[in-house]
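The paragraphs below lead a new reader through one structure, part by part. Please keep the sequence and the model open while reading.

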Amino acid sequence: MRRYLARRLLLLVPVLAGVSVVIFMVLHLSPGDPVEIMLGSQATQEDRARLRAELGLDQPLHVQYGRWLGHVARGDLGRSLWMKRPVLDEVLGRFKATLVLTGTALLLSSLAGVALGVASATRPNSVLDRLSAVASLFGASMPTFWLGIVLMVIFALWLGWLPASGMYAAYGGGDLRDLLAHLVLPAVTLAAASVTIIARLTRATMLETLGQDYIRTARAKGVVERAVVLRHGLKNALIPIVTVVGVQAGYLLGGAVLTETVFAWPGVGTLMVQGILARDFPLVQGCVLVVALSFVLVNLAVDLLYAWLDPRIRYE
Amino acid sequence: MIVRVADGGRADATELGAEGRLTRSLARVARGNRLAVLAALGLLAAATLALVAPWLPLLDPDAVDTVERLRQPLTPGHALGTDEFGRDLLARLVWGARVSLLAGVVTAAAAMLIGVTLGIFGGFYTGWIENVVMRLTDILMAFPYILLAIAIVAGLGPGLRNAMIAIAIVGFPIYARLVRGVVLSLREREFVEAARALGSDDARILGRHILPHLLSPVIVAFSLDVGAKILATAGLSFLGLGTQPPTADWGSMLATGRQFVILSPHVVLLPGLAIFGIVLALNLLGDALRDVLDPRIQAR
């Protein structure tokens, strides 16, 4: 396992280097002068020169990249032009909210998806199975942000059961109950598409596993059906399920941007969109960097989890 | 020489057989899958409406009329009501279909062209070309899909064209991976070896022997991808990074209508339903195409 871990960590190096180049290049994609874009056409010549020097834009590209990477490695992501504060503090502050949202959505989609998938696989072509097939088609076709708005209108505005937006109530809130109440709608919205994907894959894998000879043997031995399905079936079907849950974790991190915007959730997504509209490039770079890094780490964790679940992978 | 004749004859027979089989499969699927036929008809209707929008008796989609703002559906003169600026929603939905459908098809096509080209080269030529292609896709896939698109739009500046460029860039690695996998397995097959032994150059082998085998998986991937691209473009427009006002586009209609959702839910419900309906139809059609073209699914 240690050798596998070392090899997997080594593989991270080129990916991280590539990710850093892409994020660095974002600033240089713009066909015009980034300083002009950030400051607008009204800025004075001195302001432009000052910002150009501050961002190091007067240096050759590779020098700029080296300098930027050096700063990033020391945890210095620059200063936000719009908020006039260090980018790292701002992004990390907001990242907690994004983690709470995506973590809850991932938990929700894994639990509901696996449960639904197992139930569909044990009773193929039942009403539940058919409903789950229709739901998965709908889930893949529905814009997340629209589902969010519809849920908000029904449960927050019409029925008044849940708060419509934000993470805590403006007055008198701040405790766990308040957070949970605010979390329900965005987490359900974000999880909706993933539930259906995880459920379909769990169903397919479980159907294949339940058709194996050892399952027949277990049944013949008189093992209780519940144990056959869960201990003999689900346990062996877990590897592809873990894969898809890992992929969904990344999808949720990205999808959170839209959900956060719908529900005014104070996460990295809303910060990034505000940063783009305010032309605050260092802030946008910081947001993308933190989310991309956590995505890479999630993928690493999923790979390590496979190796732990299936020893064959370690020795490949 | 004898080998050449025999090889050519067999290839022709296979092609004819494949064509006949395809027509038969399509007919069988159409009979068995009424939903897919309905989806195809719906898509055809939407595409026709979008195409002929300039000649339809519709109101100007951008004409502001504050007296008529937020009218409910079935108001005389406004079959689907009006938005917050009094603009006719039916006209905006039909004109918005032009933007949304075009964006979906064009971005998926661009992603497919780049991805298929890179995938062919990455699969056919081992060595540095393969390495470059694979590392490039690895790096792009190390980002959450929509996040990278947003980051690219941040660099290029908001706007429909830039949003489409961004979505095409983040979309091509999937095609590159898919095609490379198929090409890798084809490269070792006997018919490629035979073609090479007969003196065919790389261009001929790629064009005549490898490309035809890529059609089915790429068509299936493309048909399912157009819907995903429509959702992605609508998402960027919703964030204010795609289509800019006053141009009608389903995503931006949702974004601006959001503030008036309590008073007039239809302003948000209608564009959302339009996106949902089109993407649902595309997914149904894509699933049906996969049933026809993917032999592994048929065998199951």
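Across the interface of chain B and chain A, the rule finds zero salt bridges, and this is a statement about a predicted model. The contact itself draws on 39 residues from chain B and 43 residues from chain A. Together the two chains bury about 3,500 Å² between them, and 84% of that area lies on carbon and sulfur atoms. On the chain B side, the residues that lose the most area to chain A are Leu147(B), Leu239(B) and Phe276(B), which together account for 16% of what that side buries.

One of these residues, Leu147(B), also appears in the lining of the second largest cavity, where it is listed with Thr98(A), Leu253(A), Ala256(A), Val257(A), Val268(A), Gly269(A), Met272(A) and Val291(A). This cavity has a volume of about 30 Å³, and its lining divides into seven nonpolar residues, two polar residues and no charged ones. Within chain A, helix H10 (225-263) and helix H11 (268-277) each supply at least two residues of that lining.

The structure holds two cavities of 30 Å³ or more, and the largest has a volume of about 50 Å³. The residues that line the largest cavity include Asp83(B), Glu84(B), Arg87(B) and Arg92(B), along with Met253(B), Thr256(B) and Gly257(B). Helix H3 (89-124), helix H9 (250-257) and helix H10 (266-293) of chain B are the elements that give two or more residues to this lining, and the largest share, three residues, comes from H9(B). By class, the lining of the largest cavity has four nonpolar, two polar and four charged residues.

The next part of the picture is the arrangement inside chain A, for which the domain assignment gives domain 1 (2-73) and domain 2 (88-309). The C-alpha centres of these two domains of chain A lie 32 Å apart, and 17 residues of domain 1 are in contact with 14 residues of domain 2. The area buried between the two domains of chain A is about 1,500 Å², of which carbon and sulfur atoms give 80%. In domain 1 of chain A, the residues that lose the most area to domain 2 are Tyr4(A), Arg8(A) and Ile23(A), together 33% of what that side buries.

How many salt bridges does the rule find across the interface of domain 1 of chain A and domain 2 of chain A? The rule finds one salt bridge there. In the model, the side chains of Arg8(A) and Asp303(A) meet in a salt bridge, with a distance of 2.5 Å from N to O.

The same two domains lead to a further feature, the second largest pocket, which lies between domain 1 (2-73) and domain 2 (88-309) of chain A because both give residues to its lining. This pocket has a volume of about 380 Å³, and it is lined by 18 residues, of which Glu54(A), Leu55(A), Trp68(A), His71(A) and Gly78(A) lie nearest its centre. The elements that give two or more residues to the lining of the pocket are helix H1 (2-29), helix H3 (45-55), helix H4 (61-73) and helix H12 (281-309) of chain A. Among the elements, H4(A) gives the most to the lining of the second largest pocket, with four residues. The residues of this lining divide into eight nonpolar, six polar and four charged.

Technical notes. Residues numbered from 1 in each chain as written. Chains lettered and ligands numbered in written order. Predicted model: local features only at pLDDT ≥ 70, side-chain atom pairs only at ≥ 80, totals over all residues. Heavy atoms only, no water. 1 Å grid on protein atoms, 1.4 Å probe; cavity = no way out; pocket = protein on both sides within 12 Å on 5 of 7 lines; lining within 4 Å. Points joined across faces, edges and corners; volume = space filled by probe spheres on them. Nonpolar A, V, L, I, M, F, W, Y, C, P; charged D, E, K, R; others polar. Domains from an automatic or database assignment. Contact = heavy atoms within 4.5 Å. Buried area = accessible area lost by both parts, 1.4 Å probe. Salt bridge = Lys/Arg side-chain N within 4 Å of Asp/Glu carboxyl O.
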